[in-house]
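User: I have this model open at the bench. Please take a close look at one helix and walk me through how its residues are arranged.

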Amino acid sequence: MKEDKPEQIKYLQQLREWIELKKEFDIIDLFAILHPADIADLIDHLKEEEKIHLFALLDVEKASDVILELSDISREQILEEISDKKLTEIVDEMESDDAADLIADLSEAQAKIVLEGIEPEDSQDVRQLLKYEEDTAGGIMQSELVCVHRNATIRDAVEAVVKESEFEEIENIYNVFVTDNENRLIGTVPLQRLITAKPNTLVSKCMDENIPSVNVDVDQEEVARMFEKYDLVSLPVVDHANTLLGRITVDDAVDVMEEETSEDIFRIAGLGEDDSVFNKPLQSVRKRLPWLYLNLLTALASVLVIGFFEDTIKMMVVLAVFMPVVAGLGGNAGSQTLTIIVRGLALGELTFETSKKALFKETLVGIANGVCVGIVIGIIAYFWKGIPILGVVLGLAMVLNILVGTLVGTLIPLGLKWLKMDPALGSHIFVTAFTDAFGFLSFLGLATIFIKLFM
């Protein structure tokens with residue numbers, strides 16, 4: 001469960017008791033009153049064999065909702081054991097976008113069986129969606145929508161909504177799309193306006209013409225930004241000729257926002273976005289070990305810097321005590337800036353045109369923070385060890401490294417963006433490596449100079 005809510009803890013305890021006593025009818029009755037998301041939370045907390053057994057107790061309609069809410073690990077475990085017949089029935093209940101997402105995770109043989117088993121019209125829609133990249137508007141859209149011709153009346157539009165809801169079982173209808181003779185999108189009519197307008201009024205007289213739409217090839221991150229910017233609940237998807245292809249609903253946009261945020265967090269730390277606390281140990285090792293090897297290589301740069309100043313450290317051993325402080329503060333300053341820049345790029349707030357302004361601002365912040373922290377640590381070092389040179393050197397090194405930390409925290413993600421790479425990709429590792437090496441270099445280098453001049 002995502003939260004330890006009292007009622008869910010109670011349900012989980014009750015469920016485990018019924019599993020032990022083999023009270024399947026009680027379990028079925030419980031699942032009948034719970035939301036699919038809550039059922040998925042409960043199943044996620046069970047053992048693998050229990051997950052498979054309990055999922056088999058769900059009716060097809062409920063199972064089609066629950067499987068989408070399960071964790072990746074639970075879904076994978078269930079898909080490995082479920083029969084092709086049951087899986088086909090479950091997919092047949094799903095909306096096209098959800099069906100496409102699920103089928104994309106199946107083996108080629110299993111996907112072929114399912115696509116051949118569902119309704120031909122649904123199969124055609126899903127096959128079309130599978131042609132698009134999964135992280136584009138086409139990859140997250142659904143083909144089910146309510147559409148009428150521009151010459152239709154409000155009465156026609158209402159009848160279309162009723163028909164699609166009853167017979168096609170389209171869910172979450174927020175508006176009716178209006179098209180011309182070539183099926184090009186020309187506007188939408190919100191449901192509220194369908195209710196209040198006179199039945200014989202043409203939809204072309206009531207529609208919103210200046211509506212945002214998105215091209216089928218646009219990245220899903222941009223789609224999520226459009227939902228946030230325009231406060232949308234539904235967004236039409238079109239091709240280059242403005243032909244209406246499908247729609248994206250707000251629940252899909254929320255999923256994209258969560259996915260993109262998690263992806264950025266994982267990539268900053270050098271993790272794959274599919275890594276999870278529920279992964280098998282060997283899987284996690286394979287995903288994390290390459291980044292640790294990279295981190296090891298970058299850490300060797302710091303070792304080389306320290307080795308170069310070995311004689312200086314011997315002359316003033318107390319320098320070794322404060323070395324981690326300089327490197328650590330520089331790394332933290334870099335991470336703060338890195339987080340701001342990566343998030344700004346992800347939200348579209350920061351572009352190459354505005355990057356100079358961001359760099360100038362972060363430089364000022366780095367100087368100000370460096371001076372403030374440098375003065376404090378310099379005074380502490382002086383009174384602690386009673387060595388004036390140590391306080392001066394430490395203060396100056398802190399100013400330099402915090403400034404450098406903010407600069408690399410800005411430049412590294414911008415550089416990755418310029419190279420057409422994900423700005424979050426391992427940025428934290430590179431920033432930390434640079435600030436560690438430069439921190440040691442500035443601190444020990446200044447110490448060497450001051451020792452030669454004044455001691």
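Analyst: What follows is a close look at helix α1, with a few other elements after it. Keep in mind that this is a predicted model.

Start with the extent of the helix. α1 covers residues 6–21, which makes 16 residues. From its first C-alpha to its last it reaches 23 Å. At 1.5 Å a residue, 22 Å is expected, so the span is close to that value.

Now the inward side. Gln8, Leu12, Leu15, Trp18 and Ile19 are buried in α1. The cut-off here is under 20% relative accessible area. These residues cover an arc of only 130° around the axis, which puts them on the same side of α1. The spacing follows a general rule: an α-helix has 3.6 residues a turn, so residues three or four places apart point the same way.

What covers that side? The cover of the buried residues includes α2 (24–33), α3 (36–44) and α4 (48–56).

Turn to the other face. Pro6, Gln13 and Glu20 are exposed, and they sit on the face of α1 turned away from its buried side.

Then the end of the helix. Lysine 22 follows α1, and its phi is positive, near 60°. A positive phi also comes just after helix α19, at glycine 348, with a value of about 80°. α19 runs over residues 319–347 and has 29 residues. Its reach from first C-alpha to last is 43 Å, close to the 42 Å expected at 1.5 Å a residue.

Next, a sheet. Three strands form an open sheet in the order β4-β5-β6, with mixed pairing. β4 (214–215) and β6 (244–249) stand at the edges with a single partner strand each, so one side of each has no neighbour in the sheet. β4 and β5 (residues 234–238) run parallel and are joined by two bridges. Asparagine 215 has valine 238 in β5 as its bridge partner. Helix α15 (residues 220–230) lies across β4, β5 and β6. Its direction is at about 140° to β5.

Last, a single strand residue. Threonine 188 is located in strand β3 (residues 185–190). Its relative accessibility is 5%, so threonine 188 counts as buried. Leaving aside neighbours within four places in sequence, threonine 188 is in contact with Asn175, Val176, Phe177 and Val178 among others. Its contacts also include Met207, Asp208 and Ile211.

Back to α1 for the picture to keep: Gln8, Leu12, Leu15, Trp18 and Ile19 are buried, while Pro6, Gln13 and Glu20 are exposed.

Note on methods: Residues are numbered from 1 along each chain as its sequence is written. This is a predicted model: local features need pLDDT of at least 70, side-chain atom pairs count only at pLDDT 80 or more; totals for chains, interfaces and linings use all residues. Side-chain values use heavy atoms; hydrogens and water are left out. Helices (H or I, at least four residues) and strands (E, at least two) are DSSP runs, numbered from the N terminus. Buried means under 20% relative accessible area, exposed over 50%, partly exposed in between (1.4 Å probe, protein chains only). Contact means heavy atoms within 4.5 Å. Two strands pair if DSSP finds at least two bridges between them. Axes are lines fitted to C-alpha atoms, for helices over the stretch in contact, and angles run from 0 to 180 degrees between N-to-C directions. The arc is that of the directions from the helix axis to the C-beta atoms.
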